[in-house]
Amino acid sequence: MSDLPFGFSSQDPDDRGRKPEDQGGANPFDFNQLGAMLSQLGAMFSNAGTSAGPVNYDLAKQIALQQLAAQGGSSTGFGPDQNSAVADAVHLAEMWLDPVTTLPAGARKAEGWTAREWVERTLPTWQRLCDPVARRVSGAWVDAMPAEAKEAAGPLLSMLGQMGGMAFGSQLGGALAQLGAEVLTSSEVGLPLGPEGTAALLPANIEKFTEGLERPASEVLVFLAAREAAHQRLFSHVPWLRQRLLDTVEEFARGITVDTSALEQLAGQVDPSNPASIEEAMKSGMLEPQTTPEQKAALTRLETLLALVEGWVDVVVNEAVGERLPGAEALRETLRRRRASGGPAEQTFATLVGLELRPRRHRSAAALWKLLGDQYGAEQRESVWEHPDLVPTSEDLDDPLEFAERFGRTRKALEDPIAELQRTLDEKDPDD
């Protein structure tokens, strides 16, 4: 999968300051060529589905399913024994999780999905994630067009929007196909992608993942079921978490701008006789976003929140299965290496918003949750999730011990506010 932001591509830094005529023979903006290019797209649009909006999701789904079929991932379902195995694994995992966390079970049902079903069942959430970014990119593109270009294009501007929707849809479809062939559970990328209350595992992908691990397939299935069940507890019983993750992506999208000079390169990068060159043009960097401080802050918040989710899951699952599954620690380390080497979660966010997730954040978050649990117990640890203002910040992940100490002081103050007030007064005026 591409590790480039959704709808964007890399651009050679050495080219950014060069004039269009210096970049491989690119020509200045040519309105006649733009018109010819858009006319060539008419036939393509008639076959691209009826999806409206900044991303052509009909096309994305079509491409994803076609690519999965070519990879042999188009099977329509599993045998009853596999579905039963998934349900049994989730049920067992829930019983093991109950003693180690005060968050109750969040999954009302457990299902085994094919890669095809994963695409179909998660596409509504992908739409919520991708629309803000793609809409802002498309709007910035049109807003950046010279007034003469807008006047010349006229009604063809709507076709220009369709062109962007098709290009985004094509990129998303390819990403979903690769993800669908790799993900092990519905929540592996750290987001609640599937229907609420549904714990879903992908047995075919888990079978491939198990190869070479030298662990029984049943053990791997239960371990992953525990992770999925833990995610579902968090997403079901921390009501603000789901929306906060999606809102942070939107915060990033609101700051997207494009370089107006990029449009001058369009004519040189697109061959009117070859509609396929449109997607290549959109990947060439002409829509490269200009990262703002606000965007960087949004990405930091998203990275921190995802790390906290994964760190909490890592800790509670280890407490639940660590002594019950002989290979639990080895599986835990395997998943950590999978993230460090750029697993599905890391690839997803690199493609979606250009966020390079750092494995160190996950380790720091896990250390923080473990420290809180060891010092104050599971109930106090889970109380941190009660409000978004209580959760650790990026700076807290740099110093988990200091956060744990501050948490302890706050807890004492809430339990005995009079004693805390007296302690504060004594510190301000020790002589008295």
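Here are some short exercises on the structure above, each with a worked solution.

This is a predicted model, in which local features need pLDDT of at least 70, side-chain atom pairs count only at pLDDT 80 or more, and totals for chains, interfaces and linings use all residues. Residues are numbered from 1 along each chain as its sequence is written, and side-chain values use heavy atoms, with hydrogens and water left out.

**Exercise 1. Follow helix α13**

Task: Find what span α13 reaches from its first C-alpha to its last, and what is expected.

Solution:
- Start with the element itself: helices are DSSP runs of H or I with at least four residues, numbered from the N terminus.
- α13 covers residues 293-321.
- Its 29 residues reach 42 Å, close to the 42 Å expected at 1.5 Å a residue; the expected span is 1.5 Å times one less than the number of residues.
- Now look at its surroundings: 21 of the 29 residues of α13 are buried, where buried means under 20% relative accessible area, exposed over 50% and partly exposed in between, with a 1.4 Å probe and protein chains only.
- Finish with the largest nonpolar core, which has 90 residues. Such a core is a set of buried Ala, Val, Leu, Ile, Met, Phe, Trp, Tyr and Cys residues joined through side-chain atoms within 4.5 Å.
- α13 provides the largest share of this core, 13 residues.

**Exercise 2. Place two residues**

Task: Is Asp314 buried or exposed, and is Glu214 buried or exposed?

Solution:
- Asp314 sits in helix α13 and is buried, because its relative accessible area is 6%.
- Its contacts (heavy atoms within 4.5 Å) are Arg227, Arg332, Arg336 and Ala366, not counting residues up to four places away in sequence.
- Glu214 belongs to the loop between α8 (203-210) and α9 (217-237).
- With a relative accessible area of 75%, Glu214 is exposed.
- Take a look at its backbone too: Glu214 has a positive phi of about 60 degrees although it is not a glycine.

**Exercise 3. Explore the largest cavity**

Task: Which residues lie nearest the centre of the largest cavity, and how many line it?

Solution:
- First, the method: on a 1 Å grid over the protein atoms alone, a cavity is a set of points where a 1.4 Å probe fits but cannot get out, while a pocket is an open set with protein on both sides within 12 Å along at least five of seven lines; lining residues have an atom within 4 Å of a point.
- Grid points are joined across faces, edges and corners, and a volume is the space filled by probe spheres set on the points.
- The structure has nine cavities of 30 Å³ or more, and the largest holds about 170 Å³.
- Of its 15 lining residues, Glu188, Arg227, Leu335, Arg338 and Arg339 are nearest the centre.
- α9, α14 (328-340) and α15 (344-353) each supply at least two residues of this lining.

**Exercise 4. Turn to a pocket**

Task: Which helix gives the most to the lining of the second largest pocket?

Solution:
- This pocket has a volume of about 240 Å³.
- Arg244, Arg301, Thr304, Val391 and Pro392 are the closest to its centre among the 15 residues that line it.
- α10 (241-254), α13 and α18 (394-398) each supply at least two residues of the lining.
- α13 gives the most, with five residues.
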